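This report describes a single protein chain, moving from its overall form to one helix and one strand residue.

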Amino acid sequence: MRFDITSGTRYHLIADAIREQILASIYPPGSLLPSEESLSFDFGHSRDTVRDALDVLRAEGLVVKERGRRAMVAPVAERTAVALAAGSSVTARMPLRTELLELGCRAQTPLLVQTRPGGTVVLHPADRVQLVVTT
């Protein structure tokens, strides 16, 4: 399989192509990606370029990499249902440094800021919740 990579940063374009395959479930959560050598052949670029692309996906939380092992698509985190009562609002923002440890989330994970009726604010890492509107 040959991919046409003609413009942009090579490793970002490779990361984009692999990301699309992950999101399309060609590589489902928990599955191993092809070897760096195989990806290098498929994309027509060096293993270093492929490694850089995999590092981008690792930073996004889509891929898990361990030295000496093939990269794996990250398992899907379990999501907790969060009820949104009438009068609640939700906004999104990136976490503050102090919130990263408190919430145990990655710097790249947006936070959902739930404001409940009465003004109580609750923070939720966006990759761990499913918002459910109650009536």
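The text below covers the fold and overall dimensions, then helix α2, then Val129.

**Overall form**

The model is predicted. The protein chain holds four helices and seven strands, and their order along the sequence is α-α-α-β-β-β-β-α-β-β-β. The radius of gyration is 19 Å, well over the 14 Å that the globule rule gives for 135 residues, so the protein chain is more spread out than a compact globule. Along the principal axes, the C-alpha atoms fill a box of roughly 60 × 30 × 30 Å.

Some whole-chain values are collected here.

| Quantity for the protein chain | Value |
|---|---|
| Share of the 135 residues that count as buried | 30% |
| Exposed area | about 8,700 Å² |
| Share of the exposed area from carbon and sulfur atoms | 53% |
| Separation of the centres of positive and negative side chains | 4 Å |

The charged side chains number 16 positive and 15 negative. Taking contacts between residues at least 6 apart in sequence, 52% join residues at least 24 apart.

**Helix α2**

Which residues of helix α2 are buried? Helix α2 spans residues 36-43, and its buried residues are Glu36, Leu39, Ser40, Asp42 and Phe43. Viewed down the axis of α2, the buried residues fall within an arc of 165°, so they line one face of the helix. On the face turned away from this buried side, α2 carries the exposed residues Glu37 and Phe41.

The packing partners of the buried residues of α2 are α1 (10-23) and α3 (47-59). After α2 comes Gly44, which has a positive phi, near 70°.

**Val129 in strand β7**

Val129 belongs to strand β7, which covers residues 129-133. Is Val129 buried or exposed? Its relative accessibility is 10%, and buried means under 20%, so Val129 counts as buried.

What does Val129 touch, once its neighbours within four places in sequence are left aside? Val129 is in contact with Arg79, Thr80, Val82, Leu112 and His124.

Val129 can also be placed relative to helix α2 through Ser40, one of the buried residues of that helix. Val129 and Ser40 are 89 residues apart along the chain, and their C-alpha atoms are separated by 36 Å. Both residues are thus described as buried, Ser40 in α2 and Val129 in β7.

How values were computed. Residues numbered from 1 in each chain as written. Predicted model: local features only at pLDDT ≥ 70, side-chain atom pairs only at ≥ 80, totals over all residues. Heavy atoms only, no water. Helix = DSSP H or I, 4+ residues; strand = E, 2+ residues; numbered from the N terminus. Rg over C-alpha atoms; globule rule 2.2 N^0.38 Å. Buried < 20%, exposed > 50% of the residue type's maximum accessible area, 1.4 Å probe, protein only. Contact = heavy atoms within 4.5 Å. Areas by Shrake-Rupley, 256 points an atom, 1.4 Å probe, with all protein chains shown as cover. Lys, Arg positive; Asp, Glu negative; His and termini not counted. Charge placed at Lys NZ, Arg CZ, Asp CG, Glu CD. Arc of directions from axis to C-beta.
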